[in-house]
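Here is a set of exercises to work through with the structure open beside you. Try each task yourself before you read its solution.

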Amino acid sequence: MKKYVIMITCVLTTLTASAQETYENARLMETDLNGTARYVGMGGAMDALGADISTISTNPAGIGLFRHSTVSTSFGLVSQEDAQNFRTGSKTNASFDQIGFVWSNRTSKTSFFNFAFNFHKSQNFDYILSAASQLDGNSSQNGLSHVKAIGQTVDGVSTYLYDKRDAMGTAWWTNQLDNLYYNTFIMDENGENPGWNAASDFLMNRANTGYIGEYDINLSGNINNRVYLGLTVGIHDVHYKGVSEYTEHLLGYDDDGNVVPVGPVTIDDERTITGTGVDVKAGIIFRPVESSPFRIGLSIATPTFYKLKSQSATRLLNGTPYQGPYPGYVAKSSYEFKLNTPWKFGLSLGHTIDQFVALGAGIEYADYGSIDTRRITDEYYDYYYDTTTTESESDVEMNRHTSETLKGVVQLKLGAEVKVDKNFAVRFGYNYASPMYKESGSKDFDIDSYGTNCASATDFTNWKATNRLTCGIGYRYNNFSVDLAYQYSVRKGTFSPFQAAWGDYYDGDVDNPEQIDITPTTVEVSNKRHQLLLTLGYTF
């Protein structure tokens with residue numbers, strides 16, 4: 001019965017105690033440079049310049065600079081460089097990126113009150129990851145599960161590893177892959193688990209698809225064309241799906257003790273994350289010198305308060321001659337959790353020269369080490385008001401791991417627009433985001449958390465800085481406008497198929513520990529993306 005414990009726990013605790021794992025959470029935190037083609041073409045450096053609907057989600061006061069009502073929509077193509085299509089993932093995809101309007105109402109000769117609504121795709125999950133490498137011949141992901149499986153089943157003694165990082169014995173908490181190992185033991189001809197802990201190499205292919213859509217409602221205005229104020233309420237809609245195949249070629253021993261290939265083992269995993277979140281953003285733009293167009297912008301955004309549902313289905317495809325007792329077993333999890341993103345702060349500068357040149361710069365900061373992952377402890381349904389109330393508490397252990405793995409991110413935005421004539425403009429921009437991950441970051445299955453118990457993959461990637469180069473053109477004819485932008489973004493990272501483990505391993509005999517040293521081979525990966533974006537607008 002013990003081999004079913006983890007699966008049952010993950011399913012039955014959906015409403016009582018669930019949380020997500022740090023690296024899965026981080027995947028939801030990142031934001032793309034996206035919106036109108038003018039905003040993207042200038043590298044997003046319009047938070048103080050304003051008068052572009054995309055500033056509704058960065059500095060809401062930018063909507064206060066509109067003096068006419070307008071409507072716009074944006075769409076285009078996104079293509080990943082150096083990738084091969086994999087299952088549901090395609091390297092080139094069409095994307096609907098933005099639609100919105102601003103209603104502008106003059107309240108006096110020099111003041112306006114504006115209302116705006118905008119949808120934009122704040123994050124496009126489309127990405128294909130491929131990584132392959134040799135292993136050291138002593139390590140494997142399956143070996144990690146084997147260590148835990150034996151320790152969990154021999155004489156009722158739990159697995160403990162002597163962890164050199166904190167010099168203490170640390171319990172290993174099982175995950176969905178260990179659950180598979182329990183139910184799909186690779187047996188030898190005598191019906192015993194031979195304990196193959198090593199593999200010669202690995203291959204990982206993963207395709208992420210989906211998006212986070214942001215629906216923003218804004219109230220803004222200006223006072224005497226000198227001070228601009230704005231407030232935005234945002235609703236975030238999450239649609240994420242990831243499919244992956246991780247393969248190892250296991251090694252064993254022949255009758256003479258020689259190392260021989262045994263065969264491949266593949267972990268096939270699917271995970272979806274859906275849900276909604278809400279945040280509030282406020283901003284101000286002001287001109288410190290009345291006679292100068294130079295302006296300064298300040299903005300602040302509350303955390304996005306998410307309620308999310310994660311579901312996974314994982315199976316082990318055994319390509320060795322030795323099959324376990326449950327070869328078709330599928331490990332499943334389904335649970336809800338809450339997630340609060342960090343506060344975000346922004347400072348921006350803008351200046352125009354004779355209405356023919358616009359220059360913008362901005363900086364944003366958010367501390368992703370402060371992400372609050374929360375367990376849902378209870379949920380109440382009020383039949384009279386037809387409402388549901390959810391209670392939650394912080395997942396202290398997972399939040400500790402997050403603070404040790406993630407860090408503050410600084411985003412720099414620079415942009416320029418030059419009007420060749422009154423109807424035609426060219427634009428250039430640069431956008432930089434510092435790394436979110438610490439170089440020492442690693443997945444950690446020592447954590448006593450349902451985010452650990454329901455994890456269905458052991459790999460992780462520590463992504464480095466993101467650099468974006470942009471350019472664009474714009475043409476206006478009477479009340480109509482057409483804008484085109486191109487963006488090239490590049491980010492590199494270090495991929496690990498599983499975490500390292502070393503030290504004393506107690507195989508049922510606490511007086512005679514064995515020594516293990518499971519060390520993954522890391523692989524350098526990248527995400528190089530091209531985006532072509534078209535915006536159509538009408539001013540009235």
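**Exercise 1. Find how many residues the largest nonpolar core has, and which of them have the most contacts inside it.**

Step 1. Start with the terms: a nonpolar core is a set of buried Ala, Val, Leu, Ile, Met, Phe, Trp, Tyr and Cys residues joined through side-chain atoms within 4.5 Å. Buried means under 20% relative accessible area, exposed means over 50%, and partly exposed lies in between, using a 1.4 Å probe and protein chains only.

Step 2. The largest core has 50 residues, and Leu28, Leu308, Leu339, Tyr368 and Met436 have the most contacts inside it.

Step 3. Now look around leucine 339, taking contact as heavy atoms within 4.5 Å. Leaving aside neighbours within four places in sequence, its partners include Leu28, Met29, Leu308 and Ile371.

Before you go on, two notes on the model. It is predicted, so local features need pLDDT of at least 70 and side-chain atom pairs count only at pLDDT 80 or more, while totals for chains, interfaces and linings use all residues. Residues are numbered from 1 along each chain as its sequence is written, and side-chain values use heavy atoms, with hydrogens and water left out.

**Exercise 2. Decide whether helix α2 is largely enclosed or not, and say why.**

Step 1. Helices (H or I, at least four residues) and strands (E, at least two) are DSSP runs, numbered from the N terminus.

Step 2. Helix α2 covers residues 22-29, and Leu28 and Met29 are among its buried residues.

Step 3. Because seven of its eight residues are buried, α2 is largely enclosed by the rest of the structure.

Step 4. Check the start of α2 as well: a side-chain oxygen of glutamate 21 reaches to within 2.9 Å of the backbone nitrogen of tyrosine 23.

**Exercise 3. Work out which residues threonine 458 touches and where its side chain reaches.**

Step 1. Threonine 458 lies in the loop between α7 (450-453) and β19 (460-477), and it is buried, with a relative accessible area of 5%.

Step 2. Not counting residues up to four places away in sequence, threonine 458 touches several residues, including Phe445, Pro497, Phe498 and Gln499.

Step 3. The side chain of threonine 458 reaches the backbone oxygen of proline 497 at 2.9 Å. This is a polar contact, meaning a pair of N or O atoms within 3.5 Å; within protein, one must be able to donate a hydrogen and the other to accept it, and residues adjacent in sequence count only if both atoms are side-chain atoms.

Step 4. Move on to glutamine 499, in the loop between β20 (480-496) and β21 (501-505). Glutamine 499 is buried at 1% relative accessible area, and its side chain reaches the backbone nitrogen of phenylalanine 445 at 2.8 Å.

**Exercise 4. Which parts of the chain does the salt bridge between aspartate 47 and lysine 413 tie together?**

Step 1. A salt bridge is a side-chain nitrogen of Lys or Arg within 4 Å of a carboxyl oxygen of Asp or Glu; by this rule there are 22.

Step 2. In the pair of aspartate 47 and lysine 413, the closest N and O atoms are 3.1 Å apart. Aspartate 47 lies in the loop between α3 (37-41) and β1 (70-80) and lysine 413 in strand β17 (residues 408-421), so the pair ties together parts 366 residues apart in sequence.

Step 3. Both aspartate 47 and lysine 413 are buried.
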